[in-house]
Amino acid sequence: MRELPSNAKAVIIGGGIIGCSTAYHLAKLGWKDTVLLERKKLTSGTTFHAAGLVGQLRSNANITQLLGYSVELYKTLEAETGLGTGWKMNGGLRLACNEERWTEVKRQATTAHSFGLEMELLTPKEALDLWPLMNIDDVIGAAFMPTDGQANPSDITQALAKGARMAGASIFEDAKVIDLEINKGRIKAVITEHGRIECEIVVVCAGQWTRDFAERFGVSAPLVSMEHQYMVTDVIEGMPKNLPTLRDPDRLTYYKEEVGGLVMGGYEPNPIPWAVDGIPTGFHYSLLESNFDHFEQLMELSLGRVPALEHVGIKTLTNGPESFTPDGNFIIGEAPELKNFFVGAGFNAFGIAAGGGAGMALAEWVKAGEPPYDLWSADIRRFGSPHRDTDWVRTRTVEAYGKHYTIAWPHEEHESGRPCRKSPLYETLKSQNACFGEKLGWERPNWFADTSKGEIPNDVYSFRRQNWFEAVGREHQAVRQAAVLFDQSSFAKFTLKGPDAVAALNWIAANDVDKPVGSLIYTQMLNDQGGIECDLTVARVTEEEYYIVTGTGFATHDFNWIKRNIPDGMNCQLSEVTTEYCVLSLMGPEARNILAKVTTTDVSNTAFRFGSVQAIDIAGCAVKALRITYVGELGWELHLQVEHAQKVYDTLMQVGAEHGLINAGYRAIESCRLEKGYRAWGSDIGPDHTPLESGLGWAVKLRKNIDFKGRGAVNEQKSNGVKKKLACFTIDDPNVVLLGRETIYRNGERVGWLTSGGFGYTIDKSIGYGYVRNPNGADAAYVTSGTYELEVATERVKCNVHLRPLYDPDMSRVKG
């Protein structure tokens, strides 16, 4: 092989489609001294045996955009490089064989419309016209996306590699990476079998080898290998040349035409993990032994759909391991554990569909230090401590694989690997009929069943009102009329301490955190474009210490964002203290009366103002009380050492009984926050949304002469105006279920989609939030002057628009 360079700007490890796409895009961005190292041959890991279906629609707008980018790239790649790619835009067909699946498909069609994709609903006969080989006896409807297609995985990867070379990147095969040279937490070089390459940036696109490689350097990349099989048939007489790809989720199978025959594969409910004890040495261009017995369940299901399969010969049954993740989304981004260590892996058998877009996003991320748009659902920082346990990851991934083609129910919870992380009150709440959900491994009460009414604490899934609807209504009513206790111990909690804590945090936070000791500040943290990276509360507990509270699922992300943005040279230390504290949130108009009976501290409004924190005692236990609310009622978050949790809980429940105090869960929190207009990070707000667009400009210190990250972008937007604005929508018919992603129409034109949806029990209406977009400006006058409809499962429903909270109690009750 030719000699390796002595240095490079970036080194990509792995020569599959993701690595080659990343090299292609980095070179296109001008990084011509990018080097790609493949331990064997390009595509020889898992790319070469991929099925090659290219679908675009996902439940997230930006992941859909990323996949759409792949399609646009694949259209032109052959002309650019002169290499064939096997790309065919023959469309994708999806079947529905029962009413619930049909509802799901119709909601998917609406999601497609929201994201600007064409998706047509078809009758069974229309579907048969497109795919004449199938039996439609059980089909009740179908959806067709004309811009989906298929590609040859190896050919398209080779084309990307050639394009990368043409743009200046260097690609080396048979160049195994054996180590990284790291000094004081910074990457210095890549060590290969053939020498050392000095570099500061490493991008690991090593497929199923990524987890073990990353782990050597303290980086968690939670993916595992699973066996995945598909068969290729002999030529089928009468096979149409441009047959669309077909997904038949009720029969767990997919199909594509190949050289006059069919490829048929699927996602069985009992998948087989592979390489539990490690990937064998020298595994490349390798397949596993065909497992006909295991594949038989899919074969039987497919015969009912494609009768011709009963008589046609089988050329091959390919059994190739693929990397899968615990939540079914891929892994992308800079590792929080090691600066300039990027990962692009775990593509859950849709790496060909994602390859073009993922390589683009990784390249942009490497160059700019942040992704081209919000990729939170695939961000490596979405994981936490449970994901470092490979056995737990494998258990959860088996479940996720088995659910690949099952109906994606609203509010569906995973069942495997539970319970993992528990509040000290878990058993107590379980005995009181809590129905738990899970986030980042934490068991969290979603709602409480009243067994005297025949309720059982288990979710029964549906696209209509689910079995917990009335129970959550009772909890919601108690929040508004009496008081409830929420166990929110899973909140992520940090401390920032040191002489420069104030200066550092005031640079990172958009709001002014240089307030007197005892102040509690709600703030966002912004990127350089003014987008919201974190949404949290900050309590100043001493002159040099802050206590920071953020959402459960954002623990890794928010900790990393704060840590990486502390200016160099500043003396302050960030620590995570999540597991040290239990959190009981006492909320409702009776909250003060209850709290006053269990503490000697004066909790009157004069002595304990809204937006403040005090140390109090409850039943002899030290408590940090934060006066704040996310439900729009008077209340306190009570933070206490875990060993005091049971005592404080029992005391509050005993004293609160005469005031109507009851347990409540996260679904009541969601209902109440929708009514009050509080935003949720990851849906209503995020890196693509600014405080001015989301109605949070009041929490930004623009009027003060204090610089902060993102200030320039927010100032510019304030001068020029916003082009999208978050608004609230309500539907008068309470039976219309809003879930998010429903299309927003203003005066008959599509202007956006719902970022979140739910039900407000106080106003007795379905509620949704979403951004109204207008390239010429989306001020309040523009938003409120239109006539609006929402598309719900392909049907348009009249709605009302609001820019003020739907529920705004006497604020003296909340802040007084």
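Is E100 buried or exposed in this structure? In the predicted model shown in these close-up views, E100 is buried, with a relative accessible area of 18%, and the first legend takes up its surroundings.

**Figure 1. The salt bridge between E100 and R464.** The side chains of E100 and R464 meet in a salt bridge, with a distance of 3.4 Å from N to O. Because E100 belongs to helix α3 (residues 99–114) while R464 sits in the loop between β22 (442–448) and α11 (469–481), the pair ties together parts that are 364 residues apart in sequence. The two partners have different burial classes: E100 has a relative accessible area of 18% and is therefore buried, the limit for that class being under 20%, whereas R464, at 55% relative accessibility, counts as exposed. When neighbours within four places in sequence are left aside, E100 is in contact with I407, W409, S462, F463 and R464. As general background, side chains of opposite charge can pair when their charged atoms come close.

**Figure 2. The salt bridge between D459 and R667.** The closest N and O atoms of D459 and R667 are 3.0 Å apart, and the two residues form a salt bridge. This pair, too, links distant parts of the chain, with D459 in the loop between β22 and α11 and R667 in helix α16 (residues 666–676), 208 residues apart. D459 is buried, having a relative accessible area of 18%, and R667 likewise counts as buried, at 10% relative accessibility.

**Figure 3. Helix α16 and the salt bridge of E670 with R673.** Helix α16 is mostly covered, since 10 of its 11 residues are buried; these buried residues are Y666, R667, A668, I669, S671, C672, R673, L674, E675 and K676. Within this helix E670 forms a salt bridge with R673, the closest N and O atoms lying 3.0 Å apart. Both residues lie in α16 and are 3 residues apart, about one turn of the helix. An α-helix has 3.6 residues a turn, so residues three or four places apart point the same way. E670 counts as partly exposed, at 30% relative accessibility, whereas R673 is buried, with a relative accessible area of 1%. Just after α16, G677 takes a positive phi of about 85°.

**Figure 4. The packing of α11 against α16.** The axes of α11 and α16 come within 9 Å and cross at roughly 55°, which makes α11 oblique to α16. The crossing in which α11 passes α16 is right-handed. On the α11 side the contact is made by V472, E475, H476, V479 and R480, and on the α16 side by R667, A668, S671, C672 and E675. By class, the residues of this contact of α11 with α16 divide into 4 nonpolar, 2 polar and 4 charged.

**Figure 5. The packing of α14 against α15.** Helix α14 (residues 591–598) and helix α15 (residues 645–656) pack at an angle of about 120°, and their axes are 9 Å apart. The two helices, α14 and α15, are therefore oblique to each other, and their crossing is right-handed. I594, K597 and V598 of α14 make the contact together with T651, L652, V655 and G656 of α15. The contact of α14 with α15 has 4 nonpolar, 2 polar and 1 charged residues.

**Figure 6. Backbone geometry at P419, K184 and N340.** Most residues other than glycine have a negative phi, and most peptide bonds are trans. A cis peptide bond, with omega of about -10°, joins R418 and P419, and P419 lies in the loop between α9 (390–402) and α10 (426–431). K184 is not a glycine, yet has a positive phi of about 55°; K184 is found in the loop between β9 (177–183) and β10 (186–192) and, at 81% relative accessibility, counts as exposed. N340, a residue other than glycine, also has a positive phi, near 65°. The place of N340 is in the loop between β19 (331–334) and β20 (341–345), where N340 is buried, with a relative accessible area of 15%.

Definitions and conventions: Residues are numbered from 1 along each chain as its sequence is written. This is a predicted model: local features need pLDDT of at least 70, side-chain atom pairs count only at pLDDT 80 or more; totals for chains, interfaces and linings use all residues. Side-chain values use heavy atoms; hydrogens and water are left out. Axes are lines fitted to C-alpha atoms, for helices over the stretch in contact, and angles run from 0 to 180 degrees between N-to-C directions. Helices (H or I, at least four residues) and strands (E, at least two) are DSSP runs, numbered from the N terminus. Angles under 35 degrees count as roughly parallel, over 145 as roughly antiparallel, 65 to 115 as roughly perpendicular and the rest as oblique. A crossing is left-handed if the near helix is turned anticlockwise from the far one by less than a right angle, and right-handed if clockwise. Contact means heavy atoms within 4.5 Å. Ala, Val, Leu, Ile, Met, Phe, Trp, Tyr, Cys and Pro count as nonpolar, Asp, Glu, Lys and Arg as charged, and the others, Gly among them, as polar. A salt bridge is a side-chain nitrogen of Lys or Arg within 4 Å of a carboxyl oxygen of Asp or Glu. Buried means under 20% relative accessible area, exposed over 50%, partly exposed in between (1.4 Å probe, protein chains only).
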